[in-house]
Amino acid sequence: MIRNRVLATFGAILSIACPGFYGQQSSQTEQPESLVVVSGASDIVRSQTGLWNSDGCDELKYTASSPFPGNSALLTIASELRRQGWTEFRGESVPGPGIANKLGVWEHWKNVTGSRTYQRTGQWQNPAGDHVTYRLVFLACYE
Amino acid sequence: MNNLKVEAYFCRAAYLEKRRCVHGPPIPHDEHAYSLALKIQKIEANGINFKVLVDMTNNGIKPVQVGVNGKLKDGNPEIWVLGLEQQDENGEWESVDAVCPEHPAFDWITLKPGEQLTSWALAVDFPKPNQRFGMCTRKASHLGGEIRASVRYYVDACDIEDPFSNPEPYVATSEPAALPVPTSKTE
């Protein structure tokens, strides 16, 4: 299976100016509560046109002030998902946005702008078989 | 590093199942039935780089899939991966786009016969040859002359999930178009 052999690190995303990633949009749309917004988040963008299965998934993006490696945000998200009955996906990963070699670890690479991208992806599932994917990204500008 | 970006996606089980690859008999290669036409619609200077807008039209008789990676800021789909190339001194077409396709498309759009979409990618004026990023190398440095666009397209979900399994992958390529002469380097 390609999932097992592909190095799924995102090679490069040009035109991402550090640090502004998603612009200044903010919107409110009814979304599943499994899409968790951490305290102090800004630039919140909600849509139903995700990176993955664009016409069938809900998408949430935001920025937060949190020092690397984002333990506070990770803990908040994981706690809330567990409270809602979600369990971390342990099987073969479902291809999703930003799925890297391994789930649940920080991976990094030098992107085309010369800065370094750090990414951590986690997948969760609920008893109904729904999936939620979280991709956390830090950009280390101009190392 | 204090600036954390979070992206989260919620997908229902029924939808995931519908899009899952189910292996069946191989689909015979047929470029008449499965055909995608690319046309460079416009090229705009963007600093020292160029934004290349491309129209894609299914001009075959069967649906085809185009890999996407969400939406661009203008709402158009970001094609995974819309390749841009320019010719080197030996006439070889070399990549000048900025995305390294190190994984298959995780999402896609199906274009039925006659349907069209528009997207764009950035042609990058790399300052020196053999620029490496991720697992890709861009042999070309500096932009000039003509640009062409290319894209891999697919015939089903399995073709997308395991793009290396297709011995005859489908690739659409546009006619070349001249880069405009930049009026300002400070845009």
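Two residues are in contact if their C-beta atoms, placed from the backbone, lie within 7 Å. The legends below describe a predicted model.

**Figure 1. Overview of chain B.** Chain B contains 2 helices and 14 strands. Of its 187 residues, 40% count as buried. When contacts in chain B are restricted to residues at least 6 apart in sequence, 70% of them join residues at least 24 apart.

**Figure 2. The largest nonpolar core, with B:Val52, B:Val66 and B:Val151 having the most contacts inside it.** This core has 42 residues. Seen by element, at least two core residues each come from strands E2 (36-46), E3 (49-58), E4 (64-71), E8 (107-111), E9 (116-123), E12 (146-154) and E13 (170-173) of chain B. E12(B) supplies the largest share, 5 residues. In general, nonpolar side chains tend to be buried together in soluble globular proteins.

**Figure 3. Surroundings of B:Val52.** With neighbours within four places in sequence left aside, B:Val52 is in contact with B:Ile40, B:Ile43, B:Leu84, B:Trp120, B:Ala121, B:Ala123, B:Ile147 and B:Ala149. A second core, separate from the largest one, has 22 residues. Residues of both chains belong to this second core, including A:Tyr62 and A:Ile77 from chain A and B:Val6 and B:Ala8 from chain B.

**Figure 4. An open sheet of 3 strands in chain B.** The strand order is E2-E3-E9, and the pairing is antiparallel. E2 and E9 of chain B are the edge strands, each pairing on one side only. From one strand to the next, the twist averages 20°. E3(B) and E9(B) are joined in the antiparallel sense over 8 bridges. In this view B:Val54 stands opposite B:Ser119, which lies in E9(B).

**Figure 5. B:Gln116 in strand E9 of chain B.** B:Gln116 has 12 other C-beta atoms within 10 Å and is therefore exposed, the cut-off for an exposed residue being 12 or fewer. Apart from neighbours within four places in sequence, B:Gln116 is in contact with B:Asp55, B:Met56 and B:Thr57. B:Asn59 is 57 residues from B:Gln116 along the chain, and the C-alpha atoms of the two are separated by 9.1 Å.

**Figure 6. B:Lys112 in the loop between E8 and E9 of chain B.** Only residues with 12 or fewer other C-beta atoms within 10 Å count as exposed. B:Lys112 has 10 such atoms within 10 Å, so B:Lys112 is exposed. Not counting residues up to four places away in sequence, B:Lys112 touches B:Asn58 and B:Pro63. B:Lys112 and B:Thr57 lie 55 residues apart in sequence, with a C-alpha to C-alpha distance of 9.0 Å.

**Figure 7. Helix H2 of chain A and its two faces.** H2(A) runs over residues 71-83 and has 13 residues. From its first C-alpha to its last, the helix reaches 18 Å, close to the 18 Å expected at 1.5 Å a residue. A:Ala73, A:Ile77 and A:Leu81 are the buried residues shown in H2(A). These buried residues lie on the same side of H2(A) because they cover an arc of only 55° around the axis. Turned away from the buried side is a face that carries the exposed residues A:Asn71, A:Leu75, A:Ser79, A:Arg82 and A:Arg83. A:Gly85 follows H2(A) and has a positive phi, near 95°.

**Figure 8. Packing of H2(A) against strands of both chains.** The buried residues of H2(A) pack against strands E2 (57-65), E5 (116-125) and E6 (131-140) of chain A. Strand E1 (3-11) of chain B also takes part in this packing. A:Ile77, one of the buried residues of H2(A), is also included in the second core, as are B:Val6 and B:Ala8.

**Figure 9. Strand E2 of chain A and its pairing partners.** E2(A) is mostly covered, with 8 of its 9 residues buried. Strand E1 (residues 42-47) of chain A pairs with E2(A) in the antiparallel sense over 4 bridges. In that pairing, A:Leu60 of E2(A) is the bridge partner of A:Arg46. E2(A) also pairs with E1(B), in the antiparallel sense and over 9 bridges. Across the two chains, A:Ser65 stands opposite B:Asn3 in E1(B). In general, strands of a sheet pair through backbone hydrogen bonds, either parallel or antiparallel.

Conventions
Residues numbered from 1 in each chain as written. Chains lettered and ligands numbered in written order. Predicted model: local features only at pLDDT ≥ 70, side-chain atom pairs only at ≥ 80, totals over all residues. Core = buried A, V, L, I, M, F, W, Y, C linked by C-beta atoms within 7 Å. Buried ≥ 20, exposed ≤ 12 C-beta atoms within 10 Å, placed from the backbone. Pairing = 2+ DSSP bridges. Axes fitted to C-alpha atoms, helices over the stretch in contact; angles between N-to-C directions. Expected span 1.5 Å × (residues − 1). Arc of directions from axis to C-beta.
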